[in-house]
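Here is a short report on one protein chain. Look over the sequence and the coordinates first, then read on.

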Amino acid sequence: MTLDTVIMLFGAIVAVLPFLQFPQDWTDFLAFIAGIIIIGLGIAVRRRSSHMETGQEQLFDTENKTVE
């Protein structure tokens, strides 16, 4: 399962929580935990994309040095 899929899954859980008729304290706690997980996964996706961008730039710079 990709990180994007997990983020969508936790987003769906947050959207459905109010309709599951858990006690309000449970709903608040589960929404809080799901939000923390979504934030963590968002940070992971952002770091992964920034590492991929810098890796591509370094690869491009290396190719330019060998061409010159």
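## Surface and overall make-up

Accessible areas here come from the Shrake-Rupley method with a 1.4 Å probe. On that basis, the protein chain exposes about 5700 Å². Carbon and sulfur atoms supply 66% of this area. The model is a predicted one.

The chain has 68 residues, and buried residues make up 9% of them. Its secondary structure comes to 2 helices and 0 strands. Helix α1 spans 3-16 and helix α2 spans 24-67.

## The loop between α1 and α2

Two residues of this loop deserve a look. Gln-21 is found in the loop between α1 and α2. Its phi is near 60°. That is a positive value in a residue other than glycine. Gln-21 counts as exposed because its relative accessible area is 73%, and exposed means over 50%.

Leu-20 has its place in the loop between α1 and α2 as well. Leu-20 reaches 45% relative accessibility, so it counts as partly exposed.

## Thr-27

Is Thr-27 buried or exposed? Thr-27 is buried, because its relative accessible area is 10% and the cut-off for buried is under 20%. This residue lies in helix α2. Setting aside residues up to four places away in sequence, Thr-27 touches Leu-17, Pro-18 and Phe-22.

## The nonpolar patch

A nonpolar patch lies on the surface. Its members are Val-16, Leu-20, Phe-22, Trp-26, Phe-29, Leu-30, Phe-32, Ile-33, Ile-36, Ile-37, Ile-39 and Ile-43. Together they have about 1100 Å² of accessible area.

Which element gives the patch its largest share? Helix α2 does, with 9 residues. The loop residue Leu-20 is also one of the members. So is Phe-22, which Thr-27 touches.

## Long-range pairs from α2

Gly-40 is found in helix α2. Gly-40 has a relative accessible area of 36%, so it is partly exposed. How far apart are the C-alpha atoms of Gly-40 and Ile-7? They are separated by 9.6 Å. Along the chain, Gly-40 and Ile-7 are 33 residues apart.

Ala-44 is found in helix α2 too. At 30% relative accessibility, Ala-44 is partly exposed, because that class lies between the 20% and 50% cut-offs. Ala-44 pairs with Leu-3 across 41 residues of sequence. In space, the C-alpha to C-alpha distance of Ala-44 and Leu-3 is 8.2 Å.

Note on methods:
Residues are numbered from 1 along each chain as its sequence is written. This is a predicted model: local features need pLDDT of at least 70, side-chain atom pairs count only at pLDDT 80 or more; totals for chains, interfaces and linings use all residues. Side-chain values use heavy atoms; hydrogens and water are left out. Helices (H or I, at least four residues) and strands (E, at least two) are DSSP runs, numbered from the N terminus. Buried means under 20% relative accessible area, exposed over 50%, partly exposed in between (1.4 Å probe, protein chains only). Contact means heavy atoms within 4.5 Å. Patches are made of residues with over 30% relative accessible area and no salt bridge: like charges are joined within 9 Å, nonpolar side chains (Val, Leu, Ile, Met, Phe, Trp, Tyr) within 5 Å. A salt bridge is a side-chain nitrogen of Lys or Arg within 4 Å of a carboxyl oxygen of Asp or Glu.
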